[in-house]
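Hi,

Here is the structure I promised to pass on. Have a look at it first, and my notes on what turned up follow below.

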Amino acid sequence: MLKKMILPVMILSLAALLAGCSAEKADTAADQVPEMTIAEFNAQAAGMVDQIVTVSGTVDHVCKHSGKRLFIFGEDPQDRLKVESSETVGSFDVALEGSEIRIQGKVLEMRVDEAYLDEWEKEEIGEDCTADLTPKADSQANGAKSESAAMDRITALRKQLAESGKGYIGFYSLECASFEEVQQEG
Amino acid sequence: MTIIYALSGIALNHKTDWNPSYDISHVQVQWPDMPSGNLTREQVLQYLSGHGDEDLYKKHYYPEPGRLKIFIDHGSYDIDRGSGQGYKETIRKRPVFFEVNFLHYNPGQAWMWFSDIFSGALILLAITGLFVLKGRNGITGRGWWLTTIGLVLPLIGLIFYL
């Protein structure tokens, strides 16, 4: 009975694998996808949530535990952007660090409100590979792993939240649909 | 498939003790006579040649004032410009572990579905396996003891740790 089941299970598995392999990556006509620098992205992201854009930058850090996120910076190193993996790009190779890449992906927004900050105050600061450009890990990305640094960050965000007048602060990132390494001269 | 998930399971189980996919090492370095101002590519290459890394150079930049980061193949240098002290980080993939962990983390949707189907097959084998053998080696004999142990041990774990 079991021997008879092995072949159908294998065929089913192979079919699922081939179906996945034949799935096209997110493919939007190049001329319809706006291409921008990281600085332009950071300035315009609030109005482009869930849209597909193309952004180029240099990879500064790839998460070494899962490879599911990386950070790029632009001409000005202060212009930074978090990029997350997706169903089509499952993970990023650490060897990308230092490389110039062009990423096409969907704009994601994470909203930080009072409830988020209240919850954060109750949590213990995690380890550095959870670092990203969301508020909790901003303090870690800046090398400040102490609880007092996190509390300073929370205080600063509460002030920023109060000044925003919107009831939330938006943090923007890209969900990578595809990327290519840009060959640099010299 | 079972070996892939078993091996990566062991590796990931100890991820607080080591990086299961990469061997990351740090070595102290220094650049005592670092020129001031923006460094040229040639200046950085000259520095790297002292460490035998000039052929590995990718890019350099200043993450923040007073800090220099040099990207090389399979690593980077991070140097304080004021003191000239810093470290070189080298990253190497762990053979076998990197590959099995890569698969364990679901590199794509196709693999996710494939591994779900495989896991379902394992569950099917585990359940049907209870009833394959008959007699004193089956579920009414030795099998009953083995199954009970297989249930009790996880329960003990839950009682102690949950």
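**What I found**

Let's start in chain A, where Asp50(A) sits in the loop that links helix 2 (38-44) to strand 2 (52-62). This is a predicted model, by the way, so please read everything here in that light. Asp50(A) caught my eye for its backbone: phi is positive, about 75°, although the residue is not a glycine. Most residues other than glycine have a negative phi. Is Asp50(A) buried or exposed? Asp50(A) counts as exposed, because just 9 other C-beta atoms lie within 10 Å, and the cut-off for exposed is 12 or fewer.

Chain B has a similar case to look at. Val96(B), in the loop between strand 5 and helix 3 of chain B, has a phi near 75°, again a positive value in a residue other than glycine. Val96(B) has 12 C-beta neighbours inside 10 Å and therefore counts as exposed.

**Chain A overall**

Chain A contains 5 helices and 6 strands. Going along the sequence, the order is α-β-α-β-β-β-β-α-α-α-β. Of its 186 residues, 27% are buried. If you take the contacts in chain A between residues at least 6 apart in sequence, 68% of them join residues at least 24 apart.

A word on confidence: the average pLDDT of chain A is 79, and 71% of the residues score at least 70. Residues 22-30 of chain A are one stretch where pLDDT is below 50, and the model gives that stretch 8 contacts beyond near neighbours in sequence. Residues 138-144 of chain A also stay under 50, with 12 contacts beyond four places in sequence.

**Chain B: domains and sheet**

Chain B splits into domain 1 (22-93) and domain 2 (110-161). Their C-alpha centres are 53 Å apart.

Chain B also has an open sheet of 5 strands, in the order 1-5-4-3-2, with antiparallel pairing. Strand 1 and strand 2 of chain B are the edge strands, each pairing on one side only. On average, neighbouring strands in this sheet are turned by 20° against each other, direction ignored.

If you want to zoom in on one pairing, try strand 2 and strand 3 of chain B: they run antiparallel and are joined by 5 bridges. There you will find Glu64(B) opposite Arg67(B), the latter in strand 3 of chain B.

**Phe71(B)**

Strand 3 of chain B (residues 67-72) also holds Phe71(B). Why does Phe71(B) count as buried? Because there are 20 other C-beta atoms within 10 Å of Phe71(B), and 20 or more is what it takes. Which residues does Phe71(B) touch, leaving out those up to four places away in sequence? From its own chain they are Lys58(B), Lys59(B), His60(B) and Ser76(B), and from chain A they are Glu97(A) and Gly98(A). Trp18(B), on the other hand, is 53 residues away from Phe71(B) along the chain, and their C-alpha atoms are separated by 23 Å.

**Where the chains meet**

The contact between the chains takes 22 residues from chain A and 27 residues from chain B. On the chain B side, strand 1 (22-30), strand 2 (57-64) and helix 4 (109-129) each supply at least two residues. Which element of chain B gives the most to that side? That would be helix 4 of chain B, with 8 residues. Sorted by class, the side of chain B that touches chain A has 16 nonpolar, 7 polar and 4 charged residues.

**Helix 3 of chain B**

One last stop is helix 3 of chain B (residues 97-104). It is largely enclosed by the rest of the structure, because 6 of its 8 residues are buried. The buried ones are Phe97(B), Phe98(B), Val100(B), Asn101(B), Phe102(B) and His104(B). Helix 1 (2-13) and strand 5 (85-93) of chain B are included in what covers them. Just after helix 3 of chain B comes Asn106(B), with a positive phi of about 55°.

Cheers

Methods
Residues are numbered from 1 along each chain as its sequence is written. Chains are lettered from A and ligands numbered from 1 in the order in which they are written. This is a predicted model: local features need pLDDT of at least 70, side-chain atom pairs count only at pLDDT 80 or more; totals for chains, interfaces and linings use all residues. Domain bounds come from an automatic or database domain assignment. Helices (H or I, at least four residues) and strands (E, at least two) are DSSP runs, numbered from the N terminus. Two residues are in contact if their C-beta atoms, placed from the backbone, lie within 7 Å. Ala, Val, Leu, Ile, Met, Phe, Trp, Tyr, Cys and Pro count as nonpolar, Asp, Glu, Lys and Arg as charged, and the others, Gly among them, as polar. pLDDT is the predictor's confidence in each residue, from 0 to 100. Two strands pair if DSSP finds at least two bridges between them. Axes are lines fitted to C-alpha atoms, for helices over the stretch in contact, and angles run from 0 to 180 degrees between N-to-C directions.
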